[in-house]
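Please open the model in your viewer and keep the selection tool at hand. The tour begins at one side chain and then moves on to the nonpolar cores.

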Amino acid sequence: ITGIAASQTVIDENGQISVSGSIEDTGSLDTFTVDINWGDGTTSAATVNSALRTFTAEHVYADDNPTATASDSYTITATATDDDTGTGSMSTTVLVNNVAPVLNNLSFAMDIVEDGIATLVGQIDDVGALDTFTLVIDWGDPLSPGNSESIDLANAGILHNVSYDLATRTFQVTHQYLDDKPTGDSDDVFTATVTVIDDDGGDVKDSASVTIANLAPTITGIAASQTVIDENGQISVSGSIEDTGSLDTFTVDINWGDGT
């Protein structure tokens, strides 16, 4: 092989490259086959014109693996074999760049009440057909445990709060908001920030908001220390409060029925 050339020396992952080259052989009647080792673990046969002694081949690099870096270099080796089993080889290289993912349609399925379960949904696009992804989520909820979490979507099947469709790259993640973030308002808006990171370090970030509504407390019991007293006598009352907001705090006002 006296020459080999790639159509491009740098491409993005999932991009196509073509190689071409020339063959010399003193056997004027020889015919040839040419095999291309693309350097990514795959090989294919080139199209050979034995009369002109040239060859061409095309290949798609589905990903920039094998290293978790922004780009990887691949060595492309063409091996020509004549009809008498003589061989000759020549190589060239191509650099394959990672392309960062895109995060689409990030949103909460619906607003919820305090202590409820919120569902965050989104869809990932990435031209790297073999890329895998990690989600880093800040739920914007410092009052609750698990406010920040890192989720390897490759393990989504064993996580109780995550589902992931590999074909569509659509995910759902749930989080419990224990309280509506006590601001004195009847409801509050929480903003979750999601960073998607592919296996080569490319990333994208987006945010979505959900409204958490307060639920009013309930007094479930009230009792007086005495049911009958003399004037100028003292009485005490006690009672219990229920509230779905597990982090809520309370004030209680007593109307004694005597104008105080």
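Select N147 and D141 to begin: the side chain of N147 reaches the backbone nitrogen of D141 at 2.6 Å, a polar contact in the sense of a pair of N or O atoms within 3.5 Å, where within protein one must be able to donate a hydrogen and the other to accept it, and residues adjacent in sequence count only if both atoms are side-chain atoms. Add G140, whose backbone nitrogen lies 3.2 Å from a polar atom of the N147 side chain. This is a predicted model, in which local features need pLDDT of at least 70 and side-chain atom pairs count only at pLDDT 80 or more, while totals for chains, interfaces and linings use all residues. Residues are numbered from 1 along each chain as its sequence is written, and side-chain values use heavy atoms, with hydrogens and water left out.

Now show the backbone around N147, which sits in the loop between β13 (133-138) and β14 (148-152); strands are DSSP runs of E with at least two residues, numbered from the N terminus. N147 counts as buried because its relative accessibility is 17%, where buried means under 20% relative accessible area (1.4 Å probe, protein chains only).

Next, select F108, L135 and Y177, which touch the most other members of the 25-residue largest nonpolar core, a core being a set of buried Ala, Val, Leu, Ile, Met, Phe, Trp, Tyr and Cys residues joined through side-chain atoms within 4.5 Å. To this core β17 (187-198) gives the most, with 4 residues. Finally, select I11, I17, W38 and Y74, which are among the 19 residues of another core lying apart from it.

How values were computed:
Buried < 20%, exposed > 50% of the residue type's maximum accessible area, 1.4 Å probe, protein only.
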